[in-house]
Amino acid sequence: MSGEDRLRTYRGKRRFDRTGEPSGTRSRSAAGSGEPLFVVQIHDATTLHFDFRLEVDGVLKSWSVPKGPSLDPHDKRLAMPTEDHPLAYRTFEGVIPKGEYGGGTVIVWDQGTYLPVGHDRRGRPVPFAESLRHGHARFELRGAKLRGGFALSRFRSGGDGEREAWLLVKTGSARAERDRPGTPDPHRARSARSGRTLRQVADDPDDVWESDRPAKRGARR
Ligand code: MN
């Protein structure tokens, strides 16, 4: 399926004349290294959560992580899959209007690239998308805050009225990483793009407007 088709759910939830979120109609511009990207956003919506997104085959595969990722391998963080997002979403920081889908403030908590880590029993590399389909994917994050090995594992496949559910876990030696910090207070956390807090973006959303749409200065209501 093409990236465009896979964004149908994303687009169906949003009214792009009301929200500044990217519609995802532009494809990714030629990036330097070609390494796949990741982003973690903090989203102060009805329930505050982190959105963990990995670039896979032209879209951002996405999980909502209520507590956010942790660098402590003991922490198993619930990660609920959400709809694929356009690649342009990785820079989105701003305020989704009240009453719109996901209404609330978004900041980019961390960003960077990742290295898929996957091979079959014979040591041959397995495409990352295939690892995800099988419900277990390992990767190394190279972000400003998150660095090192992580794994996403599906523990509930969904169906029978239950939602599909995954765990996001830091891999590696628990002893070596014992003193690593967990997740900082999302209200004090600062954007990896703008250095701003949720509050600062909420107070002046037009000051940072990072989407593929032109800035709408003075359009605040
Ligand atoms: Mn969200």
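1. The main core. In this predicted model, the largest nonpolar core has 28 residues. Phe52, Leu54, Trp63, Phe139, Leu141 and Leu152 have the most contacts inside it. Strand 2, residues 48–56, gives the most to this core: four residues. A second core lies apart from it, with 10 residues, among them Tyr10, Leu60, Leu87 and Val106. The general background is simple: in soluble globular proteins, nonpolar side chains tend to be buried together.

2. Leu54 as a way in. Which residues does Leu54 touch, leaving out those up to four places away in sequence? The list includes Leu37, Phe38, Val59, Trp63 and Tyr114. Also on it are Phe128, Phe139, Leu141 and Leu152. One charged residue, Lys61, is listed too.

3. An edge-to-face pair. The count of aromatic pairs comes to 10. One of them joins Phe128 and Phe139. Their centres are 6.0 Å apart, and their planes meet at 85°, which makes the pair edge-to-face. Phe128 belongs to helix 3 (residues 128–133), Phe139 to strand 7 (residues 136–143). The two are 11 residues apart. Is Phe139 buried or exposed? Its relative accessibility is 1%, so Phe139 counts as buried, the cut-off being under 20%. Phe128, at 9%, is buried as well.

4. A stacked pair. Phe139 also pairs with Phe150. Here the centres are 6.4 Å apart and the planes stand at 15°, so this pair is stacked. Phe139 lies in strand 7 and Phe150 in strand 8 (residues 147–156), so the pair ties together parts 11 residues apart in sequence. Both Phe139 and Phe150 are buried.

5. The ring cluster. Ring pairs link Phe52, Tyr114, Phe128, Phe139 and Phe150 into a cluster. Look at Phe150 once more: the charged end of Lys170 sits over its ring, 5.5 Å from the centre.

6. The metal site. Which residues coordinate the manganese ion? They are His43 through ND1, His49 through NE2 and Asp51 through OD, at 2.2 to 2.3 Å. In sequence, these donors follow the spacing H-x5-H-x1-D. His43 has 8% relative accessibility and counts as buried. His49 is buried too, at 13%.

7. The whole chain. The protein chain has four helices and nine strands. From the N terminus, the order is α-α-β-β-β-β-β-β-α-β-β-β-α. Of its 221 residues, 45% count as buried. Among contacts with a separation of 6 or more, 56% are between residues 24 or more positions apart. The accessible surface comes to about 11,800 Å², and carbon and sulfur atoms account for 47% of it.

Technical notes:
Residues are numbered from 1 along each chain as its sequence is written. This is a predicted model: local features need pLDDT of at least 70, side-chain atom pairs count only at pLDDT 80 or more; totals for chains, interfaces and linings use all residues. Side-chain values use heavy atoms; hydrogens and water are left out. Donors are N, O and S atoms within 2.8 Å of the metal (3.2 Å for Na, K and Ca); water is not among the atoms, so sites may look incomplete. Buried means under 20% relative accessible area, exposed over 50%, partly exposed in between (1.4 Å probe, protein chains only). Contact means heavy atoms within 4.5 Å. Accessible areas come from the Shrake-Rupley method with a 1.4 Å probe; for residues, only the protein chains shown count as cover. A nonpolar core is a set of buried Ala, Val, Leu, Ile, Met, Phe, Trp, Tyr and Cys residues joined through side-chain atoms within 4.5 Å. Rings of Phe, Tyr and Trp (its six-membered ring) pair if their centres lie within 6.5 Å; planes under 30 degrees apart count as stacked, over 60 as edge-to-face and the rest as tilted. A charge sits over a ring if NZ of Lys or CZ of Arg is within 6 Å of the ring centre and within 35 degrees of the ring normal.
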